[in-house]
Every structure is written in C-alpha cells, then in structure tokens.
Amino acid sequence: MSKHLVAYSVSLLILVGAVLLGVTVGTVSISPVVLWNPSSDEAAANILWNIRMPRVILAGLVGAALAIAGAAFQGLLKNPLADPYTLGVSSGASVGAVTTLFFGISIPFLGPFTLPVMSMIGALLTMFAVMSFAKLVDRSMKMETVILTGIIFSSFLGSIISLMIALTGEELRQIIGWLLGSVSMRGWPYVRMALPFVLIGSFILWLKRRELNAMLFGEERAQHLGVDVKKSKMTILIGGSVLTGAAVSVSGTIGFVGLVVPHMTRLLWGSDHRHVLPLSFINGAALLIVCDLVSRTIISPTELPIGVITAFIGAPVFAFIFFRQRKGGV
C-alpha cells in the first residue's frame with residue numbers, strides 16, 4: 001500500500017470520526033442511528049439536522065478553507081510560518097466583514113453574499129498591500145520581511161476594527177461575538193453562503209499544484225521549467241484570499257489552522273502539493289470540527305469561542321516551528 005493511499009485513508013477516517021462525534025456528542029447525546037433513521041427519535045433528529053449538522057459542516061468548510069490556503073501560502077513563500085493569520089490576510093478579511101456589519105451594507109445583486117464578497121475584497125487588498133510593501137522594503141522579499149509586514153498590517157487593521165467597535169451601538173455584541181471566532185447558531189444559510197466560495201478557491205489552488213511544486217525550487221528554476229511565475233503567484237494569492245475571505249465572513253477570525261495543518265501534513269506525508277493541498281483540506285476540516293466540539297463541551301453549557309481553542313493548539317506549534325527554523329531544522 002502506497003504512502004499516500006495510507007495518508008488519504010487515515011485522514012478520511014479521522015474526518016468521518018470527527019463528523020460523527022460532532023453531531024452526536026453535546027448537551028444532549030444523540031444516537032448515530034438517528035442519522036439514517038430520523039423517525040426513531042424525531043426530537044433528536046431535529047437537533048441533529050437543524051442545529052448540529054450545519055454547525056459541523058460549517059466548521060469543516062472553514063477549517064478546510066484556512067488549511068488549504070495556508071498550504072498554498074507556505075508553498076508560494078517557501079516558509080512554514082506563512083498562513084492567512086500571520087500574513088495579515090485574516091485581519092483584512094475581518095475589516096471587510098466588520099465594515100459590512102457596522103454600516104449594514106447590502107449590495108442589491110449580491111444579497112446575502114455581500115458579507116463573504118466584502119470579506120474577500122478585504123483579504124485580497126491586504127494580501128497585495130503586504131506583498132507590495134514587503135517588496136518596497138526588501139526587493140528580495142525575504143520571508144522575515146513578509147511576515148513582519150503582515151504583522152504590521154494586522155496591527156493597523158486591528159486598530160481600525162477597534163475603532164469601529166468603539167463607535168458601534170447595538171451591533172457591538174454581534175461584532176464582538178463574531179470577532180472571537182465561532183460557528184455557533186449559524187445554520188444552513190451560512191453553509192450555503194460559504195460553500196461555493198470554498199469550492200471555487202480550493203479549485204483555483206488545486207489547478208496550481210504543479211506550479212507550487214516547481215516554485216519550491218525557486219522562481220528562476222520554475223521559470224526555466226515553463227511556469228509563468230507572475231501569473232501563477234497572482235492566481236495563488238487570489239485563490240488563498242477567496243478562501244480566507246469566505247472562512248472569515250462566516251466564522252470570524254480563527255487563527256493558526258492554516259499554520260498547523262499544512263506543516264503537520266508536510267512533516268508526515270511529504271511536500272508534494274498534489275497531495276499536500278487535498279490532505280490539508282481534509283485534515284483542516286477534521287481539526288476545526290474537533291476544536292468546535294471541544295469549545296462547546298469543555299465547560300458545558302457555556303461555550304468557548306473556537307478561536308480560543310485553536311490558539312491554545314496553534315501558539316505552541318508556531319513557537320516550535322519558529323525554533324526549528326532558527327536552528328536550521330526546517
């Protein structure tokens with residue numbers, strides 16, 4: 001049995017297990033039988049299909065989107081510390097989403113899709129601003145420069161969000177709850193809102209899997225191999241920003257998923273993006289479903305923001321990656 005077949009089998013089993021736990025475990029325990037026989041317990045079936053299932057699917061979509069975007073950013077910039085959170089893209093998406101909530105913006109022909117679209121625009125503009133500023137500071141665009149630029153932009157955008165929170169009235173609770181990161185009480189409308197953008201963004205990155213592999217050897221070598229580096233970089237940045245914007249618009253800011261999952265996937269299964277991208281997608285979905293389960297059960301009936309759980313996992317892993325990189329281990 002090949003290594004990658006094992007990787008997909010293990011990852012899919014973990015994802016299926018995470019989904020089953022997510023829909024059956026909670027304040028009210030539900031038998032898995034209800035999944036294929038709703039008439040056996042109609043009250044439990046109502047909880048499962050109208051509350052837990054959309055929550056689990058949304059958590060899976062958000063985790064998958066952030067993880068595959070992180071995998072693409074890490075491959076593009078050739079550094080395991082790159083992810084939507086550290087590059088400031090999540091903060092840009094947050095500004096787009098908070099601005100929409102704060103001003104009550106609704107674009108007529110977009111309707112409910114106004115929020116994810118505005119979030120994506122914020123993510124995209126931030127990504128281009130970070131890359132442009134980093135190039136201005138250091139033409140060789142060393143990774144330290146890009147990460148530092150991302151942190152600078154993230155801090156600046158955070159102050160804009162704080163200003164809007166300070167000026168807000170009735171929307172305060174909604175904005176604060178959203179910023180902490182959660183998939184609670186979103187329901188099927190949010191799943192329908194995120195799904196098309198997650199699929200489009202993932203498909204864009206999947207199309208660039210070979211280019212990402214080529215760029216691991218450096219841009220010059222990739223160009224000799226026939227890769228249109230400039231066009232590929234632009235496409236990857238757009239795909240990653242679409243995914244980040246879609247995730248942030250429905251769940252708020254959830255950090256470190258795009259950092260931890262691709263890094264662990266590479267450590268375990270190698271750095272071929274033909275497998276890193278789909279495996280990151282599957283494992284990202286599983287991780288966030290489990291984190292959401294922990295967030296709503298660890299101090300039940302009170303729920304913790306899901307971002308708190310991912311930060312508890314992600315911050316030590318970030319420190320470990322940084323330490324290994326400085327010591328020359330990565």
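Let me start with D272 and R274, which form a salt bridge in this predicted model, with 2.6 Å between the closest N and O atoms. The two partners sit differently with respect to the surface, because D272, with a relative accessible area of 19%, falls under the 20% limit and is buried, while R274, with a relative accessible area of 39%, is partly exposed.

That pair belongs to a structure that holds 5 salt bridges. Another of them joins R55 to D292, where the closest N and O atoms are 2.9 Å apart. R55 lies in helix α3 and D292 in helix α13, which spans residues 273–297, so this pair ties together parts that are 237 residues apart in sequence. R55 counts as buried at 8% relative accessibility, and D292 counts as buried at 2%. If you follow these side chains further, you will find that R55, D292, R296 and E303 are linked in a network of salt bridges. There is also a salt bridge between the side chains of K208 and E211, at 3.7 Å from N to O, and here K208 and E211 are both buried.

Let me turn to the nonpolar side chains. Which residues touch the most other members of the largest nonpolar core? They are F73 and L87, in a core of 91 residues, and helix α3, residues 42–77, gives the largest share of that core, with 20 residues.

On the surface, F133, L136, V137, L148 and I152 make a nonpolar patch of about 520 Å². The elements that contribute two or more residues to this patch are α5, residues 114–137, and α6, residues 143–167, and the largest share, 3 residues, comes from α5. F133 is in helix α5, and at 36% relative accessibility F133 counts as partly exposed.

Finally, two loop residues. L110 is found in the loop between α4, residues 89–103, and α5, and with a relative accessible area of 22% L110 is partly exposed. From L110 to F128 there are 18 residues in sequence and 24 Å in space, taken from C-alpha to C-alpha.

S182 is placed in the loop between α7, residues 172–179, and α8, residues 188–207. Is S182 buried or exposed? S182 is buried, with a relative accessible area of 17%. The S182 side chain reaches the backbone nitrogen of S184 at 3.0 Å, and, leaving aside residues up to four places away in sequence, S182 touches V250, S251 and I306.

Methods. Residues are numbered from 1 along each chain as its sequence is written. This is a predicted model: local features need pLDDT of at least 70, side-chain atom pairs count only at pLDDT 80 or more; totals for chains, interfaces and linings use all residues. Side-chain values use heavy atoms; hydrogens and water are left out. Patches are made of residues with over 30% relative accessible area and no salt bridge: like charges are joined within 9 Å, nonpolar side chains (Val, Leu, Ile, Met, Phe, Trp, Tyr) within 5 Å. Accessible areas come from the Shrake-Rupley method with a 1.4 Å probe; for residues, only the protein chains shown count as cover. A salt bridge is a side-chain nitrogen of Lys or Arg within 4 Å of a carboxyl oxygen of Asp or Glu. Helices (H or I, at least four residues) and strands (E, at least two) are DSSP runs, numbered from the N terminus. Buried means under 20% relative accessible area, exposed over 50%, partly exposed in between (1.4 Å probe, protein chains only). A nonpolar core is a set of buried Ala, Val, Leu, Ile, Met, Phe, Trp, Tyr and Cys residues joined through side-chain atoms within 4.5 Å. A polar contact is a pair of N or O atoms within 3.5 Å; within protein, one must be able to donate a hydrogen and the other to accept it, and residues adjacent in sequence count only if both atoms are side-chain atoms. Contact means heavy atoms within 4.5 Å.
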